[in-house]
Amino acid sequence: MQRYLKLIVPAMLALATVACVSQTERDKLNTLYRKSQEQIVDLQAQLDEKDAQLAVLRDSANVEATLFQQLEDAQTDNARLASALAAMEARLREAAGITILPGELDTALHDLAAANPQLMSYDSKLGMVKFSSDLTFRLGSTSINSAAAAGLNKLATILSSSAARSYEVRIVGHTDNVPIKRVRAQHPTNWHLSVHRAIAVKDVLKNAGITPPRIGVAGYGEFRPVVPNGPKGAQANRRVEIYLVPMPTDLSAAQSAAASADATPEPPEALK
């Protein structure tokens, strides 16, 4: 639990200072955090107490029938409290914008980014792969170059794995603040360009086998910079971010049903 809190506290502080939300929303988030933290402390104390009871019962040399029942009750309470603690930690991670991917998936994304350090990077806390627009697209264009296309196809292979199928793929485009001039007919504003680039990345992932219901696209133009823009903008702000987000339960079930239906073989012609 302390490990999660070490991740959550700085994330909450960053969210309060950076995210473009109202003061009321910040206050609500801070209140949620305080209440959740208090509940986690209480749950942890109860778990510690139950663990102590279990240790005493297990070490008893002459366990009678009543003690067996107490042992079973303590084990049941322990499982219930552990489940409540896990749910509370999940709520805090969600409120703080923290995503923890399965180990296999996290390792695969880390290794992919490490093998392509100039093209992409990976943030395990956010479950996000970031592509540099300067190395993905030509200036003012949505045409993806061959190196970036190869990287996206490798990413699609990971996103098609069993470890990743329960996650949505949210593609978000960003630009710097330098106004578009030469290609305004295709992209009237930087906002248009950011969305169009996200769509271009979507097309590559879709063609590589990622099913459309799993994919979402968005664009923020120049309005969410990660570094200050200079007279010529900033390379770091020209980027496409791909987030893995847990898929809603109902949609995930529908996806599984559809996949099972697609996998059902057609009956022989003679039996139709």
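## Exercises on a five-strand sheet

Strand E1 has a covered face, Met-120 and Tyr-122, and an uncovered one, Ser-121 and Asp-123. In a regular strand, side chains alternate between the two faces of the sheet.

This is a predicted model: local features need pLDDT of at least 70, side-chain atom pairs count only at pLDDT 80 or more, and totals for chains, interfaces and linings use all residues. Residues are numbered from 1 along each chain as its sequence is written, and side-chain values use heavy atoms, with hydrogens and water left out.

**Exercise 1. Find which stretches have pLDDT below 50.**

Solution.
- Start with the term: pLDDT is the predictor's confidence in each residue, from 0 to 100.
- The protein averages 81, and 73% of the residues score at least 70.
- Residues 12-20 fall below 50; beyond near neighbours in sequence, this stretch has 10 contacts (heavy atoms within 4.5 Å) in the model.
- Residues 268-272 are also below 50, with 2 such contacts.
- Where pLDDT is low, the predicted coordinates should not be read in detail.

**Exercise 2. Work out the strand order of the sheet.**

Solution.
- Count elements: the protein has 8 helices and 5 strands. These are DSSP runs, numbered from the N terminus: helices are H or I, at least four residues; strands are E, at least two.
- Two strands pair if DSSP finds at least two bridges between them.
- The sheet is open, its pairing is mixed, and the order reads E1-E2-E5-E3-E4.
- The edges are E1 (120-123) and E4 (215-219), each pairing on one side only.
- From one strand to the next, the twist averages 20°.

**Exercise 3. Trace how E1 joins E2, and how E3 joins E5.**

Solution.
- E1 and E2 run antiparallel, joined by 4 bridges.
- Met-120 has Phe-131 in E2 as its bridge partner.
- The hairpin of E1 and E2 has 4 residues between the strands; there, Gly-127 takes a positive phi near 60°.
- E3 (residues 167-174) and E5 (residues 239-246) also run antiparallel, with 8 bridges.
- Tyr-167 has Pro-246 in E5 as its bridge partner.

**Exercise 4. Place helices H4 and H6 on the sheet.**

Solution.
- Angles run from 0 to 180 degrees between N-to-C directions; axes are lines fitted to C-alpha atoms, for helices over the stretch in contact.
- H4 (residues 103-115) lies across E1, E2 (128-132), E3 and E5, at about 150° to E1.
- H6 (residues 146-159) packs on the sheet, touching E1, E2, E3 and E5; its direction makes about 170° with that of E2.

Technical notes:
Buried means under 20% relative accessible area, exposed over 50%, partly exposed in between (1.4 Å probe, protein chains only).
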